[in-house]
Amino acid sequence: MTETEVLRAGDAELHVALLGATPLRWLVPHGDAPWDLLDGYRDDAELADQNGVRNGIMAPFCNRVADARYTFDGVEHDLAPGATDRTVYHGLVRTLPFEVVERTDAGTQEAGVHASLRLRCTGLAGSAAVGYPFSVVVEVTYTLGPRTLAVEITGHNVGDVAAPYASGWHPYFRLPGTARVDDLDLDVPASVAVRTDDALLPLAGADAFADVDAPAWHPLGDAVLDAAFGGLDPALPTVVRDPAGTRLVLRQDRGLVHVFTGDTLARDRRASLAVEPVEVMTDAFNRPDQAAAIRLEPGERRSFGFVVELEPVLA
């Protein structure tokens, strides 16, 4: 069985596999019984297969890298040498082992009933990853409250040269008032939509960006989404709401949010909604307009954090 850590805060629980620092279950009190907000891997076979990258931590890149190739500081790198399938996506650490660095159980922190878990992956630090000859240590910290989950992903360049680096999270959320995404409402506080080609890669240059006015779907209905939105208003959360009025809110102070309605999953298509906070846009390793955002200098640490909360139905 995959080694798993369990955090508890009040009646809430978070189950995290050490492989990939992958959350498997997030149980939150709702009505008379706990509700699992995450549509995660159900067994070791699913975790190993990685279909859909359910709840995966994405680092050192988010989403796809075009043709599995990128150039950094004048050197071309190939993430899939010799492969006929050139599709590479959602980073490298999701299939690497993490170790527990620090754990704080609920009741021992001054700021209320919270529990935290900090995990570390050194698998990239030895330049062992194919196509990524950089030394970056990745840490993931989960802080669990009775109805909240805060996530912080940190990259630390322990090497002697600059490295390309970005992070994100790929959660699939299930709300208690519906069995399909069709019945959910979605509000994204964005001013920019990322335009892509048929391979879901952003268009070149400024063509990749289209102005939008806080897109919303009430409800999602039969909309098929696999798209990123930027220009987020940091004062407003991304909100998913079920027909009963229960709200799931995602707060992030930078980056983009990517929304996926799960239409291509191997099981339970459109049963959960992926709402993914990401530090940069897809294929950032190949975009001049993202060069500064992905550059991690020797010795530099950079963190990306966000908070998800389940709000009860308002009376």
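**Exercise 1.** Find the residue that stands opposite L27 in β4, and place its strand in the sheet.

*Solution.* The model is predicted.
Step 1: In β4, the residue facing L27 is D36.
Step 2: Strand β3 covers residues 22-30, and four bridges join it to β4 in an antiparallel arrangement.
Step 3: The open sheet they belong to has four strands, ordered β1-β2-β3-β4, with antiparallel pairing.
Step 4: β1 (4-9) and β4 (33-36) are the edge strands; each has a single partner strand, so one side of each has no neighbour in the sheet.
Step 5: From one strand to the next, the twist averages 20°.

**Exercise 2.** Strand β9 spans residues 115-121; determine why it is largely enclosed by the rest of the structure, and identify its pairing with β8 and β10.

*Solution.*
Step 1: A residue counts as buried when its relative accessible area is under 20%.
Step 2: Five of the seven residues of β9 are buried, so the strand is largely enclosed by the rest of the structure.
Step 3: Strand β8 (residues 99-104) runs antiparallel to β9, and five bridges join the two. Here R103 stands opposite L117 of β9.
Step 4: Strand β10 (residues 136-144) is also paired with β9 in the antiparallel sense, through seven bridges. In this pair C121 stands opposite V138 of β10.
Step 5: As background, the strands of a sheet pair through backbone hydrogen bonds.

**Exercise 3.** Describe the largest nonpolar core and say which element gives the largest share of it.

*Solution.*
Step 1: As a general point, nonpolar side chains in soluble globular proteins tend to be buried together.
Step 2: The largest nonpolar core here has 83 residues. Those with the most contacts inside it are W26, Y132, V138, Y142, W169, L186 and L273.
Step 3: β10 supplies the largest share of this core, five residues.
Step 4: A second core, separate from this one, has five residues, including A17, L24, Y41 and L47.

**Exercise 4.** Characterise the two largest pockets by volume and lining.

*Solution.*
Step 1: The largest pocket has a volume of about 420 Å³.
Step 2: Its lining consists of 24 residues; R64, H90, H170, D226 and F260 lie nearest the centre.
Step 3: Two or more lining residues come from each of β19 (226-230) and β22 (256-260), and β19 gives the largest share, three residues.
Step 4: By class, this lining has ten nonpolar, eleven polar and three charged residues.
Step 5: The second largest pocket holds about 230 Å³ of space. It is lined by 14 residues, and L79, V88, G91, L92 and R94 are the closest to its centre.
Step 6: The lining of the second largest pocket divides into eight nonpolar, four polar and two charged residues.

Terms used
Residues are numbered from 1 along each chain as its sequence is written. This is a predicted model: local features need pLDDT of at least 70, side-chain atom pairs count only at pLDDT 80 or more; totals for chains, interfaces and linings use all residues. Side-chain values use heavy atoms; hydrogens and water are left out. Buried means under 20% relative accessible area, exposed over 50%, partly exposed in between (1.4 Å probe, protein chains only). Two strands pair if DSSP finds at least two bridges between them. Axes are lines fitted to C-alpha atoms, for helices over the stretch in contact, and angles run from 0 to 180 degrees between N-to-C directions. A nonpolar core is a set of buried Ala, Val, Leu, Ile, Met, Phe, Trp, Tyr and Cys residues joined through side-chain atoms within 4.5 Å. On a 1 Å grid over the protein atoms alone, a cavity is a set of points where a 1.4 Å probe fits but cannot get out, and a pocket is an open set with protein on both sides within 12 Å along at least five of seven lines; lining residues have an atom within 4 Å of a point. Grid points are joined across faces, edges and corners, and a volume is the space filled by probe spheres set on the points. Ala, Val, Leu, Ile, Met, Phe, Trp, Tyr, Cys and Pro count as nonpolar, Asp, Glu, Lys and Arg as charged, and the others, Gly among them, as polar.
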